[in-house]
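I opened this model to look up its hollows, one helix packing and its charged pairs. My notes are below.

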Amino acid sequence: MLEIVKKTSPSINRWLTSVEKDQNVDAVLVSMLKNMEAKPDLMKLLVLAKEMVQAKEPRLVGIATLLIGSFDHPRAHSFLELLLSNTDARLRMVALESAQLGGSLWGLRKCINALADREQAVRMRAQELCQAWDAA
């Protein structure tokens, strides 16, 4: 699958890579994501992510989110902000991990804010990401 997925926590990695074995997932969208990893384009990724949200496939949204997180750009930040308030804890965790991918202070602030998340797994991952940032 996508190399960027390997940078996530093990539980999110398993969740996202399960899309490869799922016959119900739109293969065209998966192929588009693979192409985007090879040649990232923020505006195209945002449009693609919006289509995936409408298709109600959170795993594809998660993968697109990781690709979007590599951009330190206000539009990428806006998209991640929306996902950081999503009801699905897995998407919040992916958005959190995406926020820190760019290595920006904005991403660090999002990790710190997530220390108060209502889901324990998200809080724990936020703590791990903050510790990794501190060690760097």
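The entries follow in the order in which I looked things up.

**Entry 1: the model**

I am working with a predicted model. I keep that in mind for every value below.

**Entry 2: the largest pocket**

I started with the open hollows. The largest pocket has a volume of about 160 Å³. I then listed its lining. Glu81, Leu84 and Ser85 are there, along with Arg92. Lys110, Asn113, Ala114, Asp117, Arg118 and Val122 complete the lining. Which elements give two or more residues to it? I found helix H5 (74-84) and helix H7 (105-113). I also sorted the lining by class. Five residues are charged, three are nonpolar and two are polar.

**Entry 3: a salt bridge at the pocket**

Two names in that lining, Arg92 and Asp117, made me check the charged pairs. Side chains of opposite charge can pair when their charged atoms come close. I count eight salt bridges in the structure. One of them joins the side chains of Asp117 and Arg92, at 2.9 Å from N to O. Where do the two partners sit? Asp117 is in the loop between H7 and helix H8 (120-135), while Arg92 belongs to helix H6. The pair therefore ties together parts that are 25 residues apart in sequence.

**Entry 4: the closed space**

Next I searched the whole structure for cavities. How many reach 30 Å³ or more? The search gives one. The largest cavity has a volume of about 30 Å³. Its lining takes in Gly69, Phe71, Asp72, His77 and Leu80. Ser98, Ala99, Gly102, Ser104 and Trp106 line it too. H5 and H6 each supply at least two of these residues. By class I get five polar, four nonpolar and one charged.

**Entry 5: H1 against H6**

H6 had come up twice, so I looked at its packing with H1. Two packed helices are described by the angle between their axes and the distance between the axes. Helix H1 covers residues 10-17 and helix H6 covers residues 89-101. They pack at an angle of about 110°, with axes 11 Å apart. How is H1 set relative to H6, roughly parallel or roughly perpendicular? At that angle H1 is roughly perpendicular to H6.

I then read off the contact. H1 brings Ile12, Trp15 and Leu16. H6 brings Arg90, Leu91, Met93, Val94 and Glu97. Six of the contact residues are nonpolar, two are charged and none is polar.

Key
Residues numbered from 1 in each chain as written. Predicted model: local features only at pLDDT ≥ 70, side-chain atom pairs only at ≥ 80, totals over all residues. Heavy atoms only, no water. 1 Å grid on protein atoms, 1.4 Å probe; cavity = no way out; pocket = protein on both sides within 12 Å on 5 of 7 lines; lining within 4 Å. Points joined across faces, edges and corners; volume = space filled by probe spheres on them. Helix = DSSP H or I, 4+ residues; strand = E, 2+ residues; numbered from the N terminus. Nonpolar A, V, L, I, M, F, W, Y, C, P; charged D, E, K, R; others polar. Axes fitted to C-alpha atoms, helices over the stretch in contact; angles between N-to-C directions. Parallel < 35°, antiparallel > 145°, perpendicular 65-115°, else oblique. Contact = heavy atoms within 4.5 Å. Salt bridge = Lys/Arg side-chain N within 4 Å of Asp/Glu carboxyl O.
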